Amino acid sequence: MRTHARVAIIGGGALGASLLYHLALRGWTDTVLIEKDDLASGSTWHAAGLCTQFNASLNVTLLLMRGVKLFKELDAGPHGPIDFREVGSLRLATTAARLDQYRDARGLARITGLPFEIVGPDEVGRRAPLVALDGVLGAAWTPTDGYVDPSRATQAMAELALGLGAEIERQTTVTSLRQLPSGEWEVETDRGGVRAGIVVNAAGIWGRDVGRLAGVDLPIVPMEHQYLVTDAVPELAADHPEMPVVRDTEASFYVREEGGGLLVGPYERDPKPWASTGIPSDFGRQLLPPDFDQVGDVLDLATARIPALARAGMKQLLNGPTSYTPDGNALMGWVPGRPNLFVLSGFSYGIVQSGGAGLNAAAWIVEGEPVDNLWELDVRRFGPDAAALEYLIPRARETYEREYAIPFPFEELRAARPQKTDPLYDRLAARGAVFGARNGWERPLWFVPGDGPPGDEPTYRRPAWLPYQVAECRAIRERAGLLDMSSFAKYEVRGPGAAALLDSLCANRLPAIGRVALSQMLSPRGGIESDLTITRLAVDRFYVISAAATETRDLDWIERHMPTDGSVTVDDVTGAWGVLLLAGPKARDILARLTDADLSSAAFPFMAARDILVGPVPVRALRVTYTGELGWELHHPVEWSRTLYGRLLDAGAEFGLADVGYRALDSLRLEKGYRLWGVDIGPQDTPLEAGLERFVAFDKGDFIGREPLLRQRAEGVTRSLACLTIDVAPDDDLFPRGGEPVFAEEELVGYLRAAHPGHAVGRTIGLAYLPHGAAAPGTPLDIEILGERRPASVVTAPLYDREGGRMRV
Ligand SMILES: Cc1cc2nc3c(=O)[nH]c(=O)nc-3n(C[C@H](O)[C@H](O)[C@H](O)COP(=O)(O)OP(=O)(O)OC[C@H]3O[C@@H](n4cnc5c(N)ncnc54)[C@H](O)[C@@H]3O)c2cc1C
């Protein structure tokens, strides 16, 4: 066994093998894959091998499509065949809401180029004669889906990697991981040690255990998953075109042909986590005992849908563990706080994802960034508290149960809530708040006055909460609103090297003392890594604010670039500071009732920060709002939240101050054309494309991402983020929200990143990256919403208060 490697991959399942292969394709062959058993001995060998490309997320769909493309190539390649069978998938619809889901998904498929049709019951019957059509309204048909032999696919990728010069050590167990001062890892195994520059945790269900060897707690829990294989089914005996993979989404099972019989996999209620506190050390290429009671109900439904099942003998009920995370997506990327440790674990449908994930992981390791936008899989979307079993297990069980549930837009799931709450939670709840959770934090979405209905029924169409949002937006535009934004991520960056560090990370100039600046941090390619609000408290002290969802990610980015000389300290102070946003034309009048501080624009201008007393509460007031109105973010030590909130409510009563939830911002920010990271800006978008050039100080000196931006500026951007108005009539129940295809003269030119009604401007507003020809104001466009077209046109943004006078008043 070798003693040194540039990369050591722990785990020889589909994911580890794919990464080894894709690293080798990029020329990295000083690599070793260490597998305690034989290749594909974990969850991989017993997987059903289904390769679906149907997903609610555009990014994940692209990943799945890469996987299928690779399997097709491997099947035809020198190490094939790998039994990739392109039989297509039919997903049945028996409810109107399900058809809406498919119409929505068809729009997404247009954008990704995935072949996708919605077919009627007759076509279902023709393609899958075993299916009883009772109640079937139609189905989603994805002809390029299929299934594969997972072991062969893994073997083929491993052999290709070996052929390129990579190494594989089988029957070798990694027993400890120790980081050396150089940043390298000492990887101990039962057959000797390897010193590795980079360690990759591709240990699947063992991902949490391997993480612990490196001192990190990853939110991965194994869950039992079973499928039934039948004996030969007489109806399949004659020559016939193979049935597509059929999913009865309401009954919650999949079925495909297998060796003359059928293979039926249920996603049942009350699923079972397995070995959540640690996998027994002797567990290897094994299965778990079958549990008929667990899946009996779904198998009954399956028999009703596929009557031939009733006549088929049972060959095997196979029970195997597979990984789940709190949201069902895998964990990928550099592990925060552990230099040179990469994770590629936690895949609950990792066979079909292996190709795309391995490719992206290799790019991330070799080139510093993934090829695709992987935010949904990024390990940094979770903080350390997501690994607590009390959170992880209920979330994983909910995700498993909902495998085929309709992923309604705006829907907030219920498991393991509330997790993190600030001191106002009960008070806001008593005042009618309907909450959503972000990064575990409960946040008000809207307020229900009196004992009105909560308005949270899930739908793809016009939502029931809309009237509440309209009222809250009006309060902010006409009077004043109060929003609890305590979930903001907040860091304090200080020390003699703080300014130099932030200056090198931020595209914008740092603010002067007592001032606030908005800035993006860019990737080496010039993409938008994150979007920050930075307040300078002193020459060498900064208060940095980011979104709740990116708390771990943004902190990691800053820490990763910290000098090692101890000249900078970064503290995550998220939980220590509460934030109340007071915004609206009456905000100054209300605040003036409670403070002696001079709130005039001369003394306290827009984008300034002051320490003031509000009543008895020490407040760091920032004159910024995400609403386009006059207002202040009132940051305060969290123990003062209730007092501050109470004082503001009292003072605001005579001015019509209203409680406001986050949903209002969806509308207000689009009226102002404000960008939102993770929605309309992200690592795949540059500030020049996003119309944020005014936040890039090219002349300030070097910063990460400057060179590619300069090149892009010289060459000219090929697409830009355009603001559109969409003709959705007030009585129309279509509700575009982002993800809908955009056409110019019948040609697909882009898709909406975001859309929402702008209540003050009386138009539905959208944002889309469009090629130059289509981005000029006045360009007529069409938007496809749930299969229907609505006209749209490019407009000059922002639509509300173009000169920005209202927030500077
Ligand atoms: C019943 C069932 C059906 C499924 N059907 C599908 C499907 O149809 N489609 C699909 O896409 N997915 C399916 N899956 C999920 C799929 O099996 C997994 O997502 C996938 O196999 C994960 O691959 P992996 O490489 O991450 O993990 P694994 O295949 O589990 O590989 C991890 C490897 O790490 C090794 N290892 C662990 N610890 C150490 C150590 N300390 N030292 C050395 N080696 C170590 C293990 O031996 C193992 O081989 C199914 C899962 C189950 C249980």
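**Reading burial and charge in a predicted model**

Visitor: Setting aside residues up to four places away in sequence, which residues does D145 touch?

Guide: D145 touches C51, T52, Q53, R85, E86, V87, G88 and S89. Please bear in mind throughout that this is a predicted model.

Visitor: Where in the secondary structure does D145 lie?

Guide: D145 belongs to the loop that runs between β6 (138–142) and β7 (146–147).

Visitor: How should one read the charge of such a residue?

Guide: The general idea is that side chains of opposite charge can pair when their charged atoms come close. In this structure D145 is buried but has no salt bridge. Its nearest side chain of opposite charge is that of R247, 4.7 Å away, whereas the salt-bridge criterion requires the nitrogen and the carboxyl oxygen to be within 4 Å.

Visitor: Which side chain, then, shares a polar contact with D145?

Guide: The partner is Q53: the two side chains are joined by a polar contact of 2.7 Å. Q53 also appears among the residues that D145 touches.

Visitor: How many salt bridges does the whole structure contain?

Guide: A search of the whole structure finds 61. Let us examine some examples. D149 and R152 meet through their side chains, with an N to O distance of 3.8 Å. Both partners are partly exposed: the relative accessible area is 25% for D149 and 39% for R152.

Visitor: What is the closest N to O distance in the pair K272 and D291, and is each partner buried or partly exposed?

Guide: The closest N and O atoms of this salt bridge are 2.5 Å apart. The pair links distant parts of the chain, with K272 and D291 19 residues apart, both in the loop between β15 (261–266) and α7 (292–305). K272 is partly exposed, with a relative accessible area of 27%. D291 has 18% relative accessibility, and the limit for a buried residue is under 20%, so D291 counts as buried.

Visitor: What may be said of R402 and E411?

Guide: Their side chains form a salt bridge with an N to O distance of 3.5 Å. R402 is partly exposed at 25% relative accessible area, and E411 is partly exposed at 29%.

Visitor: Which residues are joined into one network by salt bridges that share partners?

Guide: The network consists of D378, R380, E529, R553, D556 and R560. R553 and D556 are also listed among the buried residues of helix α14.

Visitor: How many residues of α14 are buried, and which are they?

Guide: Helix α14 spans residues 551–560 and is mostly covered, with eight of its 10 residues buried. These are E551, T552, R553, D554, L555, D556, W557 and I558.

Visitor: How should one read the protein chain as a whole?

Guide: One may begin with its secondary structure, which comprises 20 helices and 37 strands. The radius of gyration is 27 Å, close to the 28 Å that the globule rule gives for 809 residues, so the chain is as compact as a globular protein of that length. Its C-alpha atoms fill a box of roughly 85 × 65 × 50 Å along the principal axes.

Visitor: What do burial, contacts and surface add to this picture?

Guide: Of the 809 residues, 62% are buried. Among contacts with a separation of 6 or more, 72% come from residues 24 or more positions apart. The chain exposes about 29,300 Å², of which carbon and sulfur atoms supply 51%.

How values were computed:
Residues numbered from 1 in each chain as written. Predicted model: local features only at pLDDT ≥ 70, side-chain atom pairs only at ≥ 80, totals over all residues. Heavy atoms only, no water. Helix = DSSP H or I, 4+ residues; strand = E, 2+ residues; numbered from the N terminus. Buried < 20%, exposed > 50% of the residue type's maximum accessible area, 1.4 Å probe, protein only. Lys, Arg positive; Asp, Glu negative; His and termini not counted. Polar contact = N/O pair within 3.5 Å; in protein donor to acceptor, adjacent residues only side chain to side chain. Contact = heavy atoms within 4.5 Å. Rg over C-alpha atoms; globule rule 2.2 N^0.38 Å. Areas by Shrake-Rupley, 256 points an atom, 1.4 Å probe, with all protein chains shown as cover.
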